[in-house]
Amino acid sequence: MWSDNETDIDFLNYSETAELVSATLKDSSIRPVSLGLFGGWGVGKSSLMRMVIDDISQDEKNLVLQFDAWLFQDYDDARAALLQKIGDTLYAKAKDDEALLKKVNRLFKRIDKLRVLGLLAEGTALAAGVPTFGAIARGIEGARDIAKGRGDTDDFDAVKAMATDVKSKTTGLMHSEAEESPPRQIEAFRQELKQILDDLGGTLFVFIDNLDRCLPDKAIHTLEAVRLFLFMERTAFVIAADEDMIRLAVAQHYKADLDRLVTDYLDKLVQIPVRVPPTGVSELRAFLILLLTAEPANSHQKMRPEITLELQKFLLMRLQSIWKTPFPETPEILEGLTCKSLTDPEKALISQVAQLAKFISPILVNSPRVNGNPRIVKRMLNTLRMRQMIATRRGINLSEEAMLKLVLFERCAGGKATGDLMNLIGSSGDGRVALLRQLEGGEEILDPTEFPESWKAQEGFISEWSKLAPTLGDKDLRPAAYLSRETQPVFTPSAGLSVEAERAVAVLIKATRESAGSTGKAVQALTADEVPMAMEELLRKLSDTATWTNRPEGWAGALAVAAANKDAAKALATFIRSRELTPMPAWMKASLSGKTWWGK
């Protein structure tokens, strides 16, 4: 299995970009500097950042801070959390210098004062309709109810708790209004931080990750903290995020409809944008070779560490000159590994993996459902490994290549097309699909009516996919269908629905509101046995969704069916999680809010 975490081992030729970013950050003539490391979900932003951090940390004078914005968004004010982390970093650096330590402790007190200002601002945020947490939020909400004549004992208790909480947190911190005004506090913090950095003689490098996973307000608060408190001499910032998600956060937070205003805001905060290089066919080919040789299916084939390291260096060297020399074929790869004589199992593994990577990398790069995304590729391979483990336990004799070919189909063709493949397997009697055999052999399709509609829209992909080894048309694929059951229902054609139920499903697909009268009547028209099948039909419809920016057809109907049946609710929850929507669209969060079957 392969970890989904960031890594400092370069499998995608990111080293050159990391070196460029490091060189920019080290250039003292352009400080203070803010650099944006932009790229979509799963392309490797965190791994690239990790490589930069490792390089910057080589100089002991540098103060390196890593801040995961997503980790703190639910537990603290984002600005206060970032300032606290900076204080902790300075404390660790100054703990052996008594004079410096006193200055750092004064900075901590300043952070406490700023934190109090943030707590007072929490009430303002709540009044504006922004969700908040803690005793202050509950107290203000209670005060609202009391003022409107709806107060009860809990409301009065909440107001008392708020008063106590504010008093305890502000004792010894708040003085005159002029002395404690936000501008004065911010300027005082900046001056104290600058003095500490001057005394240390180093530069503060702040690496902010996962900003695009945060709610819009939290993301903006973190960016504002950089601008207000930290952007000064001896500082450098790297912000890793999906640029489009940050633009969306700016637009939502400031209610800005003009693209120019959103762009200007981001451009002022991020001086130097660096985009993670896209993964091309050659890069993904090398990525697959390195992953599959590092963790072979057969543990007895595992290569020696020195061979793995040399293979990585060789492939990265060739990627850096890919503009003038083509990607090496298997014989050249084997010849390039000269550190020690390769054993026959090592040669066999490299040859097998290199051939496989050559065939599937173009498909993975060109498929709109994958786009060469390294994280998606890793998850596909992890799915493959899990199925191999299940196959071993169940005594299923299916080759790794056959499993991988089917996993590839599932990911690239989508849920509806995969469901149709499962139906073909289930209705064949012996698990052998004649249509696959005809496609793989380049034969004429004997019965065009058997060609599923969901396949016709993807004839290009399916044609390329069918050419991959091994052939599947002559194999009993019922074991493969069994292994894929975590993503597809096994042998459940929709023919089991009655005419009334089919009409009800048609209404549910078109439904726009879960609570509409027509939606409720459609659910009531389903018998207990038909409810699970109706949900399957709705999930097939939802599986065809290419983008989840807006509510797709079938969503409201699926929620209505889930509300009426526990098993249907469980199926919908499993489906939603299988989409791996990170971050989850705001409309979906709102739809799922309060659903007991969804949970957290």
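Helix α2 lies across four strands of a sheet, β1, β2, β3 and β4, and runs at about 165° to β3. Keep in mind that this is a predicted model. Helix α9 (residues 216-230) packs on the sheet as well, touching β2, β3 and β4. The direction of α9 makes about 170° with that of β4.

So what order do the strands of that sheet follow? Reading across, you get β2-β3-β4-β1-β5, an open sheet of five strands with parallel pairing. The edges belong to β2 and β5 (272-275); each has a single partner strand, so one side of each is left without a neighbour in the sheet. Neighbouring strands here are turned by 15° against each other on average, ignoring direction.

Here are two of the strand pairs, with one bridge partner from each.

| Strand pair | Sense | Bridges | A bridge partner pair |
|---|---|---|---|
| β2 (residues 63-68) and β3 (residues 204-209) | parallel | six bridges | D68 and D209 |
| β1 (residues 33-38) and β4 (residues 235-241) | parallel | six bridges | V33 and A236 |

As a reminder, strands of a sheet pair through backbone hydrogen bonds, either parallel or antiparallel.

Back to the edge strand β2: which of its residues are covered and which are uncovered? L63, L65 and F67 make up the covered face, whereas V64, Q66 and D68 sit on the uncovered one. D68, on that uncovered face, is also the residue whose bridge partner in β3 is D209.

Now for the helix pair. Helix α1 (residues 15-26) meets α2 (residues 45-56), and their axes come within 9 Å and cross at roughly 50°. That angle makes α1 oblique to α2, and the crossing is right-handed. From α1, the residues in contact are T17, A18, V21, S22, L25 and K26. On the α2 side, they meet L48, M51, V52, D55 and I56. Sorted by class, this contact has seven nonpolar, two polar and two charged residues. So α2 has contacts with α1 as well as with the strands that it lies across.

Much further along the chain, there's helix α26 (residues 555-564). Why call it largely enclosed by the rest of the structure? Because eight of its 10 residues are buried. The buried ones are W555, A556, G557, A558, L559, A560, V561 and A562.

Note on methods. Residues are numbered from 1 along each chain as its sequence is written. This is a predicted model: local features need pLDDT of at least 70, side-chain atom pairs count only at pLDDT 80 or more; totals for chains, interfaces and linings use all residues. Side-chain values use heavy atoms; hydrogens and water are left out. Buried means under 20% relative accessible area, exposed over 50%, partly exposed in between (1.4 Å probe, protein chains only). Helices (H or I, at least four residues) and strands (E, at least two) are DSSP runs, numbered from the N terminus. Two strands pair if DSSP finds at least two bridges between them. Axes are lines fitted to C-alpha atoms, for helices over the stretch in contact, and angles run from 0 to 180 degrees between N-to-C directions. Angles under 35 degrees count as roughly parallel, over 145 as roughly antiparallel, 65 to 115 as roughly perpendicular and the rest as oblique. A crossing is left-handed if the near helix is turned anticlockwise from the far one by less than a right angle, and right-handed if clockwise. Contact means heavy atoms within 4.5 Å. Ala, Val, Leu, Ile, Met, Phe, Trp, Tyr, Cys and Pro count as nonpolar, Asp, Glu, Lys and Arg as charged, and the others, Gly among them, as polar.
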